[in-house]
Amino acid sequence: MSRPVDVEVGSELPERTFTVTRADLVRYAGASGDFNPIHWNQRVATSVGLPDVIAHGMFTMALAGRAVTDWTGDPGALVEYHVRFGRPVVVPDDDAGAEVTVRGKVGALLEDGRARVDLTVTTGGEKVLSLARAIVRLA
Amino acid sequence: MALDRELVGRGYPPSAVYEVGRAKIAEFAAAIGEDDPIHRDADAARAAGHPDVIAPPTFAIVVSLEAAFVVLGDPEVSLDYSRVVHGEQKFTHHRPIRAGDRLVATTTIDAVRSVAGNDLLTTRVDLATEDGEAVCTATSMLVARGTA
């Protein structure tokens, strides 16, 4: 994928929507080693006060990271990435799953050809990350 | 019981070596739906200037969260894991993690706070190669609900 050109403060990343199903969570649990049952077992999730099974925060972080690295064209160019988890992504036990939408824009141009990207990550119109920003190398 | 502020700055011994494998990187990339060949094709990674396939940026959690669990197991911390949720995560990549890396994790307690009945524990995990090359710093803020 080619690198973005003519980047300035306010430049927007292509909006991305990701579908998250229970199968995705099981797969992520296996790959990451995070087997907390609130991410795959409704009985346990509801017993600790959650509405249903929720996605791993790190899975949401990874999806939002893809929106950034697909834009820069280089997964190795993401040098700093910081998120604060606000609200969980609830994943129903159906084939449709949940939808996570990632929007981003360049918040600042930094020295050494780097830029700060500010992300807005939502599900069902609600923000799931109360802070999400990445610093990427553009050149 | 609220966490003791004296814990701030406490360090833990370096972890055992975690050897990063190509298959693990490919598995993680597939799990997050990332199909960039730089994660599974060593030739593509070399063409992009890397010695071997590189890991997606959040792969660092595979190594760092396990290291941070050392803190939860500290008898002077002893947070109830069933009450713990992930509040915040930050990665600073000094360079991408890549296949063949032999990583050692060193964990430190960076901050302890109590807010609205919750204990907030911030751990910093420094990932370096066995030879001491800094690779990634992963900072995790964990929230223990209703423990303070």
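Trainee: Which residue follows α3(A), and what is the sign of its phi?

Mentor: A:Gly73 follows α3(A), with a positive phi near 80°. Helices (H or I, at least four residues) and strands (E, at least two) are DSSP runs, numbered from the N terminus. This is a predicted model, where local features need pLDDT of at least 70, side-chain atom pairs count only at pLDDT 80 or more, and totals for chains, interfaces and linings use all residues. Residues are numbered from 1 along each chain as its sequence is written, while chains are lettered from A and ligands numbered from 1 in the order in which they are written.

Trainee: What span should helix α3 of chain A have?

Mentor: The expected span of a helix is 1.5 Å times one less than its number of residues. Helix α3 (residues 57-72) of chain A has 16 residues, so it should span 22 Å; its end C-alpha atoms lie 23 Å apart, which agrees.

Trainee: How many residues of α3(A) are buried?

Mentor: Count C-beta atoms, placed from the backbone: a residue is buried with 20 or more others within 10 Å of its own, exposed with 12 or fewer, and partly exposed in between. In α3(A), 15 of the 16 residues are buried.

Trainee: Where does a positive phi occur outside glycine?

Mentor: Most residues other than glycine have a negative phi. A:Asp112 has a positive one, near 60°. A:Asp112 sits in the loop between β3 (98-109) and β4 (114-123) of chain A. B:Ala116 also has a positive phi, about 50°. Its loop joins β3 (102-115) and β4 (118-129) of chain B.

Trainee: Is B:Ala116 buried or exposed, and why?

Mentor: B:Ala116 counts as exposed because it has 8 C-beta neighbours inside 10 Å.

Trainee: How many bridges join β3(B) to β4(B)?

Mentor: Two strands pair if DSSP finds at least two bridges between them. β3(B) and β4(B) run antiparallel, joined by twelve bridges. B:Thr107 stands opposite B:Val125 in β4(B). β4(B) also pairs with strand β5 (residues 134-144) of chain B, antiparallel, over ten bridges. The hairpin of β4(B) and β5(B) has four residues between the strands, and B:Gly132 in the turn has a positive phi of about 100°.

Trainee: How many residues does each chain bring to the contact?

Mentor: Two residues are in contact if their C-beta atoms, placed from the backbone, lie within 7 Å. Chain B brings 28 residues and chain A 25. On the side of chain B that touches chain A, the largest share, eight residues, comes from β2(B).

Trainee: In which sense do the two β2 strands pair?

Mentor: Strand β2 (residues 78-85) of chain A and β2(B) pair in the antiparallel sense, over five bridges. A:Glu80 has B:Thr92 as its bridge partner in β2(B).
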